[in-house]
Amino acid sequence: MKQAVEKSELIAKLQKEILSLQGFRTASDDKRLQFGLGPLENAFPNHVFPTGAVHEFISPGTAEAAATTGFLAGMLGTLMQDKKSCVWISTHRTIFPPGLKVFGIEPDRIIFIDLNKEKDLLWTVEEALKCEALAAVVAEVKEISLTESRRLQLAVERSRVTGFLHRCNPNKIENIACVSRWQIRPISSELEPGMPGVGHPRWDVQLLKVRNGTAGSWQLQWADGRFEHIPVLSKILPSAYIKKTG
Amino acid sequence: MERRFAYIWFCHLTTDQLAIRKPELKGIPFVLAAPERGRMVIRAVSPAANAAGIVVGMVLADARALMPDLKMFDQQPGKEERLLRALAAWFLRYTPVAAIDLPDGLILDITGCAHLWGGEQNYLEDILARLSAAGYHLRAAITDTVGMSWAVARYGTGRVIIERGAQREILKAMPPAGLRLAPEILDRLSKLGFYRIGSFIDMPRAVLRRRFGVSIAERLDQALGLVTETITPVQPVVPFDERLPCLEPIRTANGIQIAIRNLLEQICLRLLRENKGLRKSVLTYYRVDGVVQKIEIGTNQAVRNMEHLFKLFELKISTIRPGLGIELFVLEAPIVEALSRQQETLWTAAHQEDTAVANLLDRVAGRVGAGAVHRYLPDEHHWPERSLKQAASLDQQPDIPWPEDQPRPVSLLPKPEPIQVTSPVPDYPPMLFIYKGKVHKIRRADGPERIEQEWWIDNGLQRDYYCVEDESGARYWVFRSGHYDSGATQWYLHGFFA
């Protein structure tokens, strides 16, 4: 009995070690950022959103892209708390900086890099990810291969910068070296019954893939300057669906 | 170091230039003349006129007697100098040190240049071929001294490239005119029967000086390379270097840091003045015991930011062995490149403790162009397209807070796209709209927010913005342009909410 307890303790310890080797910090590791994602955070290893890693967001259309931008802006608000700046790299930018203010960021602290050539895009993303002084790097990339994503992964492993790859309407979705793959769609907002107008931005957040974690789907909304989890429809994706996508 | 000079003599500089400008004059005898004491005196002759016996200094009337159909053009004063300066600037491709020699020659210091063309022969041939093709008549020579090159180019009969040591023999065979002497001295020499330089080159200098003045001895020494002759290049070459001699030998890291800072400050100031940035910098330090050592740094692109350069040097300070002390620091920038002032603003970001971001942006700007980096500040306009302005630098703070009172989309189309709508009641949001062939049924709507056109900027129609949500949950920002009752209203989609 005692041996069994020791064994399970040992396994837990080893698992933690493996996670930290893979770049996931444990909760006790310095001060952890509170993203306020609620139950969604349980999907990640150690129950904490992995910073210092590259996340992939897929948007099939413009409406989804706008939702993803909103969600990313909410995440950036937390990441940029310590007065660091953020770089937003894109080729055909439609971001309207005043619209980001709602998500708790000062839009003047975001540096936009608008490129003309796809060729320069990945180079710039890699250079930016290597820069430790940045809080986060958002890159609107259409296509990226496994090899290219490996380079980005290696860059963040050293610099601990959080990278978000926003892939809008990609031609093909293949495995790339990212800790997670997200898909965010807008869903109808809810208001008090009988009230006119449009409510808080509300999204269906799908975590299609997460390294060492559990994929799933949640509903979140952005209200009063923070994420709010909407428990009603939350469910873990059936395992068959996960297999298919990841 | 063995120095070599080339001299280019343009035999018919001004007339050649005129013939190049007016091709119809090519091969035709013509002269340039200027009035002098009430008559026209010829100042320059074309090769064809020269062949007919017309020379510089003739009176135009005499020349017309020789050749009645001689064409004449006015000579413009200062024309030669302007031409020579332009040619000297062109010659910078051959050597960094090119000087003009009025009225019709160029002096080039070609030390260490000719091997790039594969030897002096090829070098000279290249020059001659290019300028002859352009239409100039010229003679050139390469020797050890300016004076010798001058003489060989004008009076040489054989070889034009004189190797080291042979110039005395060549000079002996030349007429005294090859020494660049004043006409009265030449007259006296010829009266005394000195038709060749060889007949007086071995005379004692004191004798020559007494009989013919100081200049003849000086010119001889210059031609033989016994005294150096300085030339004034059209483009002065000033190396980027700064020196810091120390009163007391410096031995501490702290002292070295102060020295480097001092030197960097001076060099950066000069770089700023000349709109340049350095790519490579070498710090040479002279120790009291006579040892000279150097450390060097390189940058990815032109930089003139003192702090950044100091950081690069700081990493190497530990490798300096001051020994008994350092008495002299010399900082050089052997490689400098043009650097616009624009980039400077990125560096002086005051609130940015971390220059890493500026460094990153510098590299990005260096690769894809400075126009790629944007930062926005709110502007005092309600019109969405005008509600933000570009920040001039990284540290510019917003003058007004970002407006939060009205909803703004996260994504804005660069140009509003027209949509077809069905709206039941005037001044009500539409029931549905068709965008890119897809029907969106509207479930919820907010608005309108009327934004008037600023009449002092543009006189268009005002916009009534609605925030709408379709049945799939996507949120859009649509507007109606103009009043409903004016008849010609058009609806547009302008943005997407999160």
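# Where chain A meets chain B

Biologist: Across the interface of chain A and chain B, how many residue pairs are in polar contact?

Modeller: The rule finds 15 such pairs across that interface, with both residues at pLDDT 80 or more. Keep in mind that this is a predicted model.

Biologist: Which elements of chain A give two or more residues to the side that touches chain B?

Modeller: On chain A they are α2 (62–79), β2 (85–90), β3 (110–114), α3 (118–130), β6 (180–187) and β7 (202–210).

Biologist: And how do the residues on that side divide into nonpolar, polar and charged?

Modeller: For the side of chain A that touches chain B, the split is 27 nonpolar, 11 polar and 10 charged.

Biologist: How many residues does the contact take from each chain?

Modeller: Chain A gives 48 residues and chain B gives 46 residues.

Biologist: What area is buried between chain A and chain B?

Modeller: About 3,800 Å². Carbon and sulfur atoms give 64% of that.

Biologist: Which residues in chain A lose the most area to chain B?

Modeller: Phe96(A), Asp108(A) and Val198(A). Together they make up 19% of what that side buries.

Biologist: Any charge pairing there? What is the salt bridge count between chain A and chain B?

Modeller: The count is one. Asp108(A) pairs with Arg375(B), and their closest N and O atoms are 3.8 Å apart. In general, side chains of opposite charge can pair when their charged atoms come close.

Biologist: Which strand of chain B do bridges join to β3(A)?

Modeller: Strand β12 of chain B, residues 373–374. Two bridges join the strands, which run antiparallel. In one pairing, Ile113(A) has Val373(B) as its bridge partner.

Biologist: Let's zoom out. In what order do the 10 strands of the open sheet come?

Modeller: The order is β9(A)-β8(A)-β7(A)-β6(A)-β1(A)-β5(A)-β4(A)-β2(A)-β3(A)-β12(B), with mixed pairing.

Biologist: Why is one side of β9 of chain A and of β12 of chain B left without a neighbour in the sheet?

Modeller: Both stand at the edges. Each has a single partner strand, so one side of each has no neighbour in the sheet.

Biologist: What holds paired strands together, in general?

Modeller: Strands of a sheet pair through backbone hydrogen bonds, either parallel or antiparallel.

Biologist: New topic: chain B. How many helices and strands does chain B have?

Modeller: Chain B has 14 helices and 20 strands.

Biologist: What is the radius of gyration of chain B, next to that of a compact globule?

Modeller: Chain B has 38 Å. A compact globule of 498 residues would be near 23 Å. Along the principal axes, the C-alpha atoms of chain B fill a box of roughly 115 × 80 × 40 Å.

Biologist: Which strand is joined by bridges to β8 of chain B?

Modeller: β11 (residues 326–338) of chain B is joined to β8 (residues 241–250) by six bridges, running antiparallel. For example, Pro245(B) has Leu328(B) as its bridge partner. Strand β9 (residues 276–287) of chain B is also antiparallel to β11(B), with 10 bridges. There, Lys280(B) stands opposite Ile335(B).

Biologist: And β16(B), which strands does it pair with?

Modeller: β15 (residues 411–422) of chain B pairs with β16 (residues 432–435) over three antiparallel bridges. Four more antiparallel bridges join β16(B) to β17 (residues 438–451) of chain B. β16(B) and β17(B) form a hairpin with two residues between them. In the turn, Lys436(B) has a positive phi of about 50 degrees.

Biologist: Back to salt bridges. What is the count over all chains?

Modeller: The count comes to 36. One of the pairs is Glu120(B) with Arg4(B), at 2.9 Å between the closest N and O atoms. That pair links distant parts of the chain, 116 residues apart. Glu120(B) is in helix α5 (residues 120–134), and Arg4(B) is in the segment before β1 (5–10) of chain B.

Technical notes. Residues are numbered from 1 along each chain as its sequence is written. Chains are lettered from A and ligands numbered from 1 in the order in which they are written. This is a predicted model: local features need pLDDT of at least 70, side-chain atom pairs count only at pLDDT 80 or more; totals for chains, interfaces and linings use all residues. Side-chain values use heavy atoms; hydrogens and water are left out. Contact means heavy atoms within 4.5 Å. Buried area is the accessible area (1.4 Å probe) that two parts lose on being put together, summed over both. A salt bridge is a side-chain nitrogen of Lys or Arg within 4 Å of a carboxyl oxygen of Asp or Glu. A polar contact is a pair of N or O atoms within 3.5 Å; within protein, one must be able to donate a hydrogen and the other to accept it, and residues adjacent in sequence count only if both atoms are side-chain atoms. Ala, Val, Leu, Ile, Met, Phe, Trp, Tyr, Cys and Pro count as nonpolar, Asp, Glu, Lys and Arg as charged, and the others, Gly among them, as polar. Two strands pair if DSSP finds at least two bridges between them. The radius of gyration is taken over C-alpha atoms; the globule rule is 2.2 Å times the number of residues to the power 0.38.
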